[in-house]
Structures are given as C-alpha cells and as structure tokens.
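Q: Could you walk me through the ligand site in this one? I'd like a close look at what surrounds the ligand and how the neighbouring strands are put together.

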Amino acid sequence: MVQKLELVKVLRNGKEEDVFSDNLVPGDIILIPPHGCVLQCDAVLMNGTVIVNEAMLTGESVPVMKVGLPDLEEERQKLFSNNEHSKHLLFCGTQVLQTRFYRGKSVQAVVLRTAYTTQKGQLVRSIMYPKPVDFEFTKDLLKFVGFLAGIATIGLGYSIAIMIIPAMSIGIIAAQMRLRAKQIFCISPSTINTCGGINTVCFDKTGTLTEDGLDFNCLRPISSDVNVKNQAYFEEETEEFNMQSLPLDGEILKAAATCHSLTIINGELCGDPLDFILFRKTNWILEETSSSDEVEESSRYDLIQPIVIKSPLIGNQIQLELAVVRQFTFNPTLQRMAVIVHNPQEPGDSMFLYCKGSPEMIASLCCPETMPTDYQKVVNDYAQHGYRLIALAYRHLEVNYVHAQKIKREEIECNMTMLGLVVMENRVKKQTGSVINQLNRALIRTIMVTGDNILTAVSVAKECGIIKENKRTTFQVILEEYPELMEKLVCVCDVFARMSPEQKQQLINKLQEVDYTVAMCGDGANDCAALKVYF
Ligand SMILES: Nc1ncnc2c1ncn2[C@@H]1O[C@H](COP(=O)(O)OP(=O)(O)OP(=O)(O)O)[C@@H](O)[C@H]1O
C-alpha cells in the first residue's frame with residue numbers, strides 16, 4: 001500500500017545496479033531518471049533540481065521544485081531537519097515530473113526512510129490505525145452511562161444503560177451515511193460528534209476564500225532618476241510591460257520575466273499562479289533545454305542551469321537572452337524568492353540578482369535612497385482596496401558561475417535597488433460570502449489566517465463578511481513580548497495577517513488551549529502544519 005514493487009537504479013560500491021524498491025535501505029544512493037518517476041522512498045536530493053508533483057501528500061496541485069543539498073562545509077555541520085531542509089526532501093509516492101542536471105551527471109538522492117517509516121507510510125498508518133482520540137464528548141458519554149448504570153443498580157432502568165451505547169453507534173453510522181450521500185468521507189467516525197461541537201472555523205485567504213487565479217491590474221515602476229529630487233519616486237501607473245518605456249533599462253521587465261519557478265512540463269508552462277500571470281504579462285519566452293541538446297546549451301551558457309528566458313521578437317529589435325543560473329525558491333516565511341541571472345553577452349562574472357516578494361520584506365532589503373518616500377502610502381492605498389501586491393528589486397553581482405552556485409541567499413539579498421510594485425487582483429470566490437454567512441448565522445466564529453498584508457486581509461475579510469470593523473494586531477510581537485495577552489487576543493481578533501506556516505499552527509494551538517474546538521480550512525502547502533494540529 002505504501003510502495004510499489006518497481007526496479008530502481010542505485011549506486012552501490014560505485015556501480016550502478018537495478019534493485020527492487022522493497023530492497024532499498026536508508027543510505028542507498030538512488031539515481032533519478034531524467035524523464036521522471038514515482039518515488040518509492042523518502043530521500044534527500046544531493047545534486048541538480050527536480051520538479052515534483054506532491055499533490056498526493058499536500059493536495060497542492062502546482063508542482064514544486066526541489067533543489068540539491070548545498071555542498072557547503074557549514075551545511076555539513078548542521079543536523080538534518082525535516083522543516084529546515086524541506087526544499088531538499090523527496091517523498092515516497094510523489095511524482096518526479098522533470099529533472100535538471102549538469103554535464104550529463106545523473107541526479108542522485110540518498111534514501112532516508114522506506115516503507116511505513118516514510119511520510120506516506122505514516123499517513124497510511126494514521127488512516128488505518130487512527131489514534132484513539134480522547135474527546136470531551138466520549139468522556140461525558142461515559143460519565144452519563146456511569147450515572148445511568150448507578151440508577152440502574154438501584155433498580156430503575158438497567159436496560160436503558162445497556163441500550164445507550166448501541167443507540168450512539170447507530171446515530172454515528174446514520175450520520176456517516178448522510179455525509180457519504182453528500183460525498184463527504186469520514187475516516188474517523190468519532191470526529192463526527194466533535195464536528196457538531198465546532199464553534200470556530202479558521203480560513204486561509206488566498207485560494208480558499210479567494211480564487212486560485214489572479215488578475216494583473218497594473219505596474220508601478222520606480223524611477224531611478226534621483227538627480228531630480230535626490231530620491232527615487234513612483235512613475236505613472238502602467239498596464240503593460242514595455243521595455244522602451246520602463247526605467248533602469250527595463251530591469252523591472254527582466255525581473256518579472258526571470259524571477260519565478262515556472263517550468264515546462266509536457267510542453268505546458270506550469271507553476272505558481274502568481275508567477276504564471278506575471279510571466280505571461282511580459283510576453284517573454286521560456287525555454288528549457290532537453291537532455292539531448294544539453295551539452296550544446298551548456299557550452300553556450302558556460303555550463304549554467306539550462307533555463308533560458310528570451311525577449312519576444314518584435315520587428316527588428318535585438319532578442320535578449322537571459323540564463324537563470326540559480327533559483328532561490330519562494331519561501332512563505334521569508335516572503336520572497338530570487339534568481340541569479342546571467343546575460344551570455346556580458347563577461348562571465350557579471351550577474352544580476354532579481355528578487356520579488358511582499359512589499360514590506362523587499363523594502364527592508366533595499367537601499368533607502370532607492371525607495372520612494374511615499375512607498376508605504378502607495379502600498380497601503382492599494383492594499384486597502386484588497387489588491388495583492390508584489391515588490392520587485394535587483395542588484396548587480398560580481399560573481400562567477402561557481403561562486404553563484406555556492407553563495408548564501410542572505411549574503412546577496414540585501415542592498416538591492418527597488419524596481420517597483422506589481423498590483424494584482426484576487427477576487428473573492430462566489431460561494432465564500434454565503435458560506436461565511438451560514439457559519440455566522442449558526443453562531444460559529446470565522447477567522448482569517450493569512451500570509452498576506454494586513455490591509456489586504458482586512459479588505460477581503462470585510463468583503464466576505466468575516467469582519468465588520470477594523471481590528472489589527474501583530475501576532476509575533478504579542479506572542480514574544482506579551483504571551484499573557486495571547487489568550488485574550490485569540491478570543492477577540494478575527495483577522496491574523498502576515499502569518500508564517502508555523503504561526504498559523506501556533507494560532508490553532510492557542511485557540512485550542514482556550515477551549516475552542518477549531519476547524520481549519522486551507523489549500524496550500526503553507527497551511528499543512530495548521531491543518532495537522534486539528535487532527
Ligand atoms: N510566488 C511568489 N513569489 C514572490 N513572493 C510571493 C509569491 N507568492 C506570495 N508571495 C509573497 O509572500 C507573501 C506570503 O505568502 P504566503 O503564501 O504565506 O501567503 P499568501 O499567499 O499571501 O496568503 P494565504 O496565507 O492566505 O495563502 C505574500 O503575501 C506575497 O507578498
């Protein structure tokens with residue numbers, strides 16, 4: 001049930017061997033085929049990058065990119081941790097869609113766990129043998145049965161006490177059948193009683209309360225013409241990316257075209273919807289080199305990772321080609337992603353870092369003189385109207401290819417130049433309002449837990465009926481500085497914004513500590529921790 005019996009290529013004693021998947025042991029080095037495969041164990045990626053579909057574990061339909069463990073002395077000293085090294089972990093049952101590698105070297109991973117000890121194995125175990133849950137309801141039921149039994153012993157109704165347990169079981173079976181008729185399958189029947197007692201439901205915003213897709217609204221480029229006012233300033237709002245009309249020689253366009261984790265799978269461009277919309281808007285072209293032309297492409301781009309982004313061919317304009325040398329994938333805790341880009345027409349040690357992320361985070365990493373004085377005001381104006389904002393920044397780097405592969409992101413994601421803001425619209429789902437309304441009418445409290453900006457969150461919360469008035473707080477500050485206030489705040493606040501995955505989990509814990517019975521509703525990988533606490 002956990003793993004299929006398949007032949008897997010492993011490297012043992014320096015030789016390639018085919019072994020059956022049930023003979024894999026922790027420490028084996030597996031070779032991942034370039035055309036992909038379904039993984040039969042949990043493993044740590046050692047080199048190259050792979051695109052994996054983890055839908056069967058996380059429910060996330062967008063494929064994710066995993067990168068090889070960095071070959072750094074510092075990294076070797078660290079103890080392996082599932083959370084910290086999640087970008088290097090491949091899970092049993094997930095599907096590798098694509099691999100990227102250099103100089104014909106095969107992509108290797110070290111087996112970490114097999115069979116029932118894998119993440120999938122643990123999931124199967126928890127479904128087959130759910131933990132006995134000590135629900136309040138069951139406790140109360142036993143007390144009640146005890147009470148009736150007491151009465152029965154004094155001769156009033158022995159038969160009632162005997163009947164109460166079968167009656168409860170029949171009730172649960174009937175409830176299960178009603179749920180099944182609505183296509184709701186319950187793996188732990190005792191949970192049904194608890195669901196009846198739910199008085200709080202937490203919702204993730206993006207993709208749960210709002211649509212998965214986004215609409216591009218406009219671009220707010222920043223002028224670098226600091227001579228005029230000695231400070232950068234926002235240019236006019238524009239609806240198109242146009243190289244000629246954009247400042248800084250089109251750096252903002254290059255940032256939007258290269259700073260993403262999109263990939264081509266079966267001829268189709270796949271990835272994060274936000275990245276997808278932004279890239280599509282630029283009209284640039286993404287090319288992935290296949291294994292057959294890998295050597296030729298590698299030599300063209302000085303052996304860099306074979307992702308090439310080209311500007312569209314318009315009239316007799318020169319086509320610009322940029323190669324993505326390294327990707328620092330999006331991390332919700334860091335609220336940003338970045339890429340190192342090289343133009344093969346320029347010297348080998350001239351590279352650019354393009355970074356995009358939340359407006360607050362990117363602003364904190366930019367040089368102050370590159371920031372318009374009204375930056376916060378412009379951000380707040382859009383956020384108050386419910387727009388989703390992404391800031392873009394860049395920095396010139398003097399590093400060669402080898403150095404670019406080893407450099408730590410904290411070392412380069414600083415002293416950047418702010419390029420501008422991308423304004424996106426994220427519409428509320430049609431059914432959201434009625435669901436929230438239904439919950440409110442049933443006197444069930446609704447809470448929004450989101451990684452997005454507080455003003456955007458409040459605007460969306462108002463639109464879908466979660467709040468009627470502004471209530472704001474900064475979760476982390478209160479958690480660290482005033483832990484004694486936390487219990488009171490979780491009882492009154494209805495919107496929790498800029499929440500990292502760990503904070504979402506902490507919030508659910510806190511609500512449970514103050515005796516709320518909490519349900520969590522989320523769609524993304526950043527909700528997994530919070531979803532898990534509920535169970
Ligand atoms: N692909 C991306 N590239 C760069 N920055 C991003 C990307 N996706 C999101 N961000 C920024 O990081 C912030 C945090 O993202 P996160 O996924 O935790 O929350 P969210 O998507 O805004 O909301 P929710 O938690 O409701 O899904 C976002 O508000 C956005 O500013």
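A: Let's start with the strands and work towards the ligand, keeping in mind that this is a predicted model. β20 and β21 run antiparallel and are joined by eight bridges. One pairing to look for is G357, whose bridge partner in β21 is A391. β21 also pairs with β22 (residues 417-425), again in the antiparallel sense, this time over seven bridges. There, L389 stands opposite V423 of β22. So β21 is largely enclosed by the rest of the structure, as eight of its eleven residues are buried.

Now for the ligand itself. The elements that each supply at least two residues of the shell around it are α7 (205-209), β20 (350-357) and β21 (388-398). β21 gives the most, with three residues. In total 21 residues sit around the ligand, and the ones that come nearest are D204, T206, R388, T450 and G451. Sorted by class, the shell has nine charged, seven polar and five nonpolar residues.

Some side chains are worth zooming in on. An N or O atom in the side chain of D275 is 3.1 Å from a nitrogen atom of the ligand. K356 also has a polar side-chain atom by a ligand nitrogen, at 3.2 Å. With K504 the ligand atom is an oxygen, 2.9 Å from an N or O atom of the side chain. As for how covered the ligand is, the protein buries 95% of the 600 Å² that the ligand exposes when taken alone.

If you step back to the domains, the ligand lies between domain 3 (198-210 + 428-535) and domain 4 (215-425), because both give residues to the shell around it.

One more piece to view is an open sheet of four strands, in the order β24-β23-β11-β25, with parallel pairing. Its edge strands, β24 (495-496) and β25 (518-521), each pair on one side only. β24 pairs with β23 (residues 445-449) in the parallel sense over two bridges, and V449 has F496 as its bridge partner in β24.

To pull the site together: β21 is the element that gives the most to the shell, and D275, K356 and K504 each place a polar side-chain atom by the ligand, at 3.1 Å, 3.2 Å and 2.9 Å in turn.

Technical notes: Residues numbered from 1 in each chain as written. Predicted model: local features only at pLDDT ≥ 70, side-chain atom pairs only at ≥ 80, totals over all residues. Heavy atoms only, no water. Near = heavy atom within 4 Å. Polar contact = N/O pair within 3.5 Å; in protein donor to acceptor, adjacent residues only side chain to side chain. Areas by Shrake-Rupley, 256 points an atom, 1.4 Å probe, with all protein chains shown as cover. Nonpolar A, V, L, I, M, F, W, Y, C, P; charged D, E, K, R; others polar. Domains from an automatic or database assignment. Pairing = 2+ DSSP bridges. Buried < 20%, exposed > 50% of the residue type's maximum accessible area, 1.4 Å probe, protein only.
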